[in-house]
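Trainee: I would love a close look at a single part of this protein, the largest pocket. Could you then walk me on to some other spots worth finding on screen?

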Amino acid sequence: TEPISVYCYNSRYKTSDGYLALPISSWGTQYVSSNYYLDHYTPGDSSDDYYQYLCDKAPRGGEFAVLASQETVVSVYPKTKTVGGMPAGVMFQRVLQKGDILQVQDGGTVRGATDLTGSIIIADKPVGLLSGHVRAGIPTEFDTKDHLIEMIPARDMLSTEHVLVPFSYRNGGDFVRMIASEPGTTNVSISVGGVELTTFALTEMGGWKEYDMDQVSVITSDKPILVTQYSKSSNADPANANRPPGTLLVHPFDPDMIVVTPTD
């Protein structure tokens, strides 16, 4: 009967992440997704249990889910071949009823070779979008992996200036993805301490670039972009990577993902 906030949390042991649930009143009809590279674990040697070997090799890919609050026609332009065989870049449609979801997952098999990021979702009525990854190492070379999930703002809620702060209690930096939300070229600039660090162009809607961030940064663009920030895997921290064999992590953490809210 009164406005509330809703947060969702996946509490599965050793693979948790959470997100702010966006209310139906803020849903939109067009989105770009944010995910991560297809991944799998590093299999053990031949003495390991065969079924464990197969489990380690099982692909863990990016994924997103479209949520419907009413009958809706959803068009998807996936950046990769999907589980189920839809080809990359080719639009497919589904009709969703109230309460339905459409789940789309990366259909690749090679670790680090495919990524759903920048997939385009268009609906004829407002929908919600959950986006992330089944279980990712960041970068994929690391076997400390976590589920990634965020509820993504619609295109008309994105903007052109973002301030980013590295996650605390760790070294080695974070990855930041900047994803173009509009057709044509989007020009992006990254500044640190008031000094421009780099500029680049995203040449199409759904195009993206990754930034390795280790200090407070400001990202500006001439068109609205989606900005997501990723905590790296624990062994990306030099204090953890250089510890003596068999000792505990100096800074224990695993990957997670957040949507960076624009300054306005």
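Mentor: Here is the pocket, followed by some aromatic rings, loops and cysteines. This is a predicted model, in which local features need pLDDT of at least 70 and side-chain atom pairs count only at pLDDT 80 or more, while totals for chains, interfaces and linings use all residues. Residues are numbered from 1 along each chain as its sequence is written, and side-chain values use heavy atoms, with hydrogens and water left out.

Let us start with the pocket. On a 1 Å grid over the protein atoms alone, a pocket is an open set of points with protein on both sides within 12 Å along at least five of seven lines, and lining residues have an atom within 4 Å of a point. The largest pocket has a volume of about 290 Å³, where volume is the space filled by probe spheres (1.4 Å probe) set on points joined across faces, edges and corners. Its lining consists of 16 residues, and Leu22, Met151, Pro153, Val259 and Thr261 are the ones nearest the centre. Strands β2 (17–20), β9 (146–151) and β15 (217–231) each supply at least two lining residues; strands here are DSSP runs of E with at least two residues, and helices are runs of H or I with at least four, numbered from the N terminus. The biggest contribution to this lining, 3 residues, is from β15. By class, the lining has 13 nonpolar, 2 polar and 1 charged residues. In this scheme, Ala, Val, Leu, Ile, Met, Phe, Trp, Tyr, Cys and Pro are nonpolar, Asp, Glu, Lys and Arg are charged, and the others, Gly among them, are polar.

Now for the rings. The whole structure has 3 aromatic pairs, meaning Phe, Tyr or Trp rings (for Trp, the six-membered ring) with centres within 6.5 Å; planes under 30 degrees apart are stacked, over 60 edge-to-face, and the rest tilted. Tyrosine 36 and tyrosine 37 make an edge-to-face pair, 5.3 Å centre to centre with 75° between the planes. Tyrosine 36 is buried at 1% relative accessible area, whereas tyrosine 37 is partly exposed at 25%; buried means under 20%, exposed over 50%, and partly exposed in between (1.4 Å probe, protein chains only). Ring pairs link Tyr36, Tyr37, Trp208 and Tyr230 into a cluster.

Next, two glycines in loops. Glycine 206 sits between β13 (195–202) and β14 (208–213) and is buried, with 0% relative accessibility. Beyond residues up to four places away in sequence, glycine 206 has contacts that include Lys79, Thr117 and Ile179, a contact being heavy atoms within 4.5 Å. Threonine 117 is 89 residues away from glycine 206 in sequence, yet 7.4 Å away in space, C-alpha to C-alpha. Glycine 61 falls between α1 (50–57) and β4 (62–68) and is buried at 7%. Leaving out neighbours within four places in sequence, glycine 61 contacts Leu38, Asp106, His133 and Val134.

Two backbone details are also worth finding. Isoleucine 138 and proline 139 are joined by a cis peptide bond, with omega about -10°, and proline 139 lies in the loop between β8 (120–136) and β9. Tyrosine 169 has a positive phi of about 60° although it is not a glycine, and this residue is exposed at 55%.

Finally, the cysteines. The structure holds 0 disulfides, a disulfide being a pair of cysteine sulfur atoms within 2.5 Å. Cysteine 8 is partly exposed at 26%, and cysteine 55 is partly exposed at 38%.
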